[in-house]
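Subject: Structure handover

Dear colleague,

Please find the structure below, together with its sequence. My notes on it follow.

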Amino acid sequence: MKTNRCLNTVASTVALLVLVSCASSNKSSTSNRDDWPSYGRDLTSQRFSPANQINTQNVQKLAEAWRYKSGISATFQATPIVQNGVMYLSLPYNHVVALNAKTGQELWRYTHDRRKDWQMCCGPANRGVAVANGKVFIGTVDARLIALNAQTGTKEWDIDVVENAIVTEGQDALDKNDPNSARKVTGGTGIGIAMAPVVYKGKVIVGITGVGYGLHIDNPREDAPLGAVIGVTGRFGRPGFLAAYDVNNGKRVWQFDTIPAQGWEGKFTETSDDGTSFNRDIAQEKTELAKYPDASRFGGGSAWSTPAIDSATNTLYFGTGNPSPQMNDISRPGDNLYTVSLIALDTETGKLKWHYQQVPHDLWGYDLASPPVLFNYAWQGKKIPAVGQASKTGWFFIHDRATGQLLKKTDAFVPQHNLFKKATFEGTVVYPGILGGANWSPVSVDEAHQRVFVAAIHAPIKYTLHESPGKDGKPAIRYAASEPTNDPRWGLLSAIDLVSGKVLWQVKTAQPLIGGVLATAGNLVFTGEGNGQFNAYHTQTGELLWQGKSDAGVNAPPITYTVNGQQYIAVASGGSSIFGYKQGDAVTAFAIK
């Protein structure tokens with residue numbers, strides 16, 4: 001554990017008094033129903049609010065109530081947390097602010113002091129904080145978990161979740177005739193934390209990301225999306241993990257490694273539950289198995305998404321990332337458990353209850369990026385406790401929460417082409433591809449109407465094999481690259497009936513959708529676009545009812561909360577560098593004027 005790190009907290013006496021006053025005056029009048037107390041609103045992560053003051057009849061009167069500009073202009077993915085009239089917000093690069101949720105006034109600010117020797121794997125974005133036990137918890141890009149005092153922003157404890165950085169890929173492995181060998185690298189295999197933590201029964205739970213991330217190569221055009229993701233043959237990365245820490249001191253309680261040391265090769269699964277072929281050469285993989293007995297040491301399996309928790313059974317659910325090396329399977333025969341899987345763990349011990357692997361031996365970057373969601377599911381005349389997950393492959397999966405049994409795979413919510421076709425030297429065009437489908441964007445579930453709302457992406461991707469000539473008697477290096485094509489791309493907001501699995505309606509947007517969805521009892525569903533539009537749709541029909549506008553891309557999940565009887569809708573607008581959306585530094589709250 002580390003102590004006495006440099007603390008750059010700006011917290012004036014006046015701001016502290018305002019914070020204490022705000023929290024005290026709202027404690028009795030503001031119920032949990034009016035807050036947004038956790039990443040997914042509650043432990044189910046449904047992101048559905050019972051608030052209906054803002055509804056289809058008056059949403060046209062929605063106007064900006066306040067706007068906060070942080071001064072940190074970068075990819076902004078955070079979900080604000082609101083408790084007792086105070087908004088807690090993580091900024092890019094892991095700075096944290098507390099705001100008056102009614103006015104947007106800054107109450108305190110924590111400035112994160114990053115480890116100078118720690119290279120960021122996955123960009124500066126952070127998806128949020130957790131607030132509980134009088135503390136604000138944040139996982140950082142330099143693989144730390146930090147607890148701040150919720151009233152002052154002062155640091156209470158600060159731990160390293162891993163001790164050392166890991167070996168990452170380099171452009172020196174690329175063929176010199178490949179244009180990507182000379183372009184700017186924006187990320188690579190490493191270790192950081194992107195997810196918002198979740199607190200449960202005295203434990204703060206968080207996972208690491210970046211293991212098996214692959215080389216990320218910038219596009220030559222500044223306003224263009226990511227140029228390429230490249231998986232290089234080699235011994236890069238380590239197993240990912242999800243871990244629980246004591247809220248009082250940061251001591252680790254348990255850790256679940258997403259790659260088991262034994263049995264990681266799995267059953268050599270050839271087809272999905274419905275018979276779809278994964279196009280694997282099982283005989284060749286089994287032949288290669290003996291050559292790579294320690295493949296699990298470099299297995300990948302990042303934990304990108306905040307877990308959902310069933311408090312009745314003390315079970316948490318989270319999704320895992322792709323195996324390492326990314327899109328390159330020469331050194332990792334087998335199913336590569338537990339990558340690209342939905343996993344159920346015991347919250348008290350971290351022990352595995354069950355797993356469901358969506359894509360064994362993944363070669364396309366089909367990690368489970370969108371957070372799982374819990375709901376009671378109307379199935380065969382019964383109500384079944386279920387867990388759902390919107391996939392990069394373009395389906396919404398519904399499982400029995402207790403056993404992991406797949407109950408339904410809905411109709412595809414994005415176009416699909418050449419799904420599970422392998423990369424070739426000539427290039428194979430696949431969609432959804434590495435971007436998805438549903439990327440990290442959270443969904444919203446209206447349990448009463450058995451409906452899920454999904455923000456998704458149509459973006460054709462070309463998967464190409466390359467080979468760099470061997471040097472000094474060493475063999476050639478094989479690598480695989482995924483790059484966007486020049487085909488049209490767009491976004492799709494879908495309402496899906498959970499019972500039938502049918503898509504009820506879809507709205508096509510000019511740009512791929514990334515950021516997430518909020519639905520409310522006012523029959524409204526909100527989501528943002530990369531062009532700065534922030535939209536409200538009718539949940540029954542998909543009709544566009546209202547639009548707000550930001551200077552930067554609105555690529556973060558919206559929330560709603562109520563303070564002193566006034567309902568607000570709030571969202572961060574800071575764009576996305578990976579998608580080429582204009583970056584900014586604002587959080588805006590809207591209310592009926």
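Arg 47 is buried, because its relative accessible area is 0%, under the 20% that sets the limit for a buried residue. Note that this and everything below refers to a predicted model. Arg 47 sits in the loop between α1 (13-27) and β2 (48-49). Its phi is near 50°, a positive value in a residue other than glycine.

Lys 201 also has a positive phi, of about 50°, although it is not a glycine. This residue is in the loop between β13 (198-200) and β14 (203-207). Is Lys 201 buried or exposed? Its relative accessibility is 52%, so Lys 201 counts as exposed; the cut-off for that class is over 50%.

Overall fold

The protein has 2 helices and 40 strands. Its radius of gyration is 23 Å, while the globule rule gives 25 Å for 593 residues; the two are close, so the protein is as compact as a globular protein of that length. Taken along the principal axes, the box filled by the C-alpha atoms is roughly 70 × 55 × 50 Å.

Of the 593 residues, 64% are buried. Among contacts with a separation of 6 or more, 64% are between residues 24 or more positions apart. The exposed area of the protein is about 21000 Å², and carbon and sulfur atoms supply 48% of that area. On the charge side, there are 55 positive and 50 negative side chains. The centres of these two sets lie 3 Å apart.

The loop between α2 and β19

Two residues in this loop are worth a look. Thr 306 lies between α2 (282-288) and β19 (308-310). With a relative accessible area of 4%, Thr 306 is buried. What does the side chain of Thr 306 have at 2.7 Å from one of its polar atoms? The backbone oxygen of Ala 196 is found at that distance. Ala 196 also appears in the contact list of Thr 306, which leaves aside neighbours within four places in sequence: Tyr 39, Met 195, Ala 196, Pro 197, Val 198, Pro 371 and Pro 372.

Ser 296 is in the loop between α2 and β19 as well. Its relative accessible area is 10%, so Ser 296 is buried. Leaving aside neighbours within four places in sequence, the residues in contact with Ser 296 are Pro 239, Ile 259, Pro 260, Ala 261 and Trp 264.

The loop between β20 and β21

Asn 328 belongs to the loop between β20 (315-319) and β21 (341-346). At 4% relative accessibility, Asn 328 counts as buried. Which residues does Asn 328 contact, apart from its neighbours within four places in sequence? They are Gly 231, Val 232, Thr 233, Leu 363, Arg 478, Tyr 479 and Ala 480. A further distance to note is that to Ala 423, which is 95 residues away from Asn 328 along the chain: the C-alpha atoms of the two are separated by 9.5 Å.

Cis peptide bonds are found here too. The bond from Ser 324 to Pro 325 is cis, with omega near 0°, and Pro 325 lies in the loop between β20 and β21. The bond from Leu 337 to Tyr 338 is cis, with omega near -5°. Tyr 338 is likewise placed in the loop between β20 and β21. Please check both bonds when you go through the model.

The loop between β3 and β4

Pro 80 is located in the loop between β3 (62-69) and β4 (81-83). Its relative accessible area is 0%, so Pro 80 is buried. Not counting residues up to four places away in sequence, Pro 80 touches Trp 36, Met 87, Tyr 88, Leu 89, Pro 557 and Ile 559. Pro 512 is 432 residues from Pro 80 along the chain, and the C-alpha atoms of these two prolines are separated by 23 Å.

Regards

Conventions
Residues numbered from 1 in each chain as written. Predicted model: local features only at pLDDT ≥ 70, side-chain atom pairs only at ≥ 80, totals over all residues. Heavy atoms only, no water. Helix = DSSP H or I, 4+ residues; strand = E, 2+ residues; numbered from the N terminus. Rg over C-alpha atoms; globule rule 2.2 N^0.38 Å. Buried < 20%, exposed > 50% of the residue type's maximum accessible area, 1.4 Å probe, protein only. Contact = heavy atoms within 4.5 Å. Areas by Shrake-Rupley, 256 points an atom, 1.4 Å probe, with all protein chains shown as cover. Lys, Arg positive; Asp, Glu negative; His and termini not counted. Charge placed at Lys NZ, Arg CZ, Asp CG, Glu CD. Polar contact = N/O pair within 3.5 Å; in protein donor to acceptor, adjacent residues only side chain to side chain.
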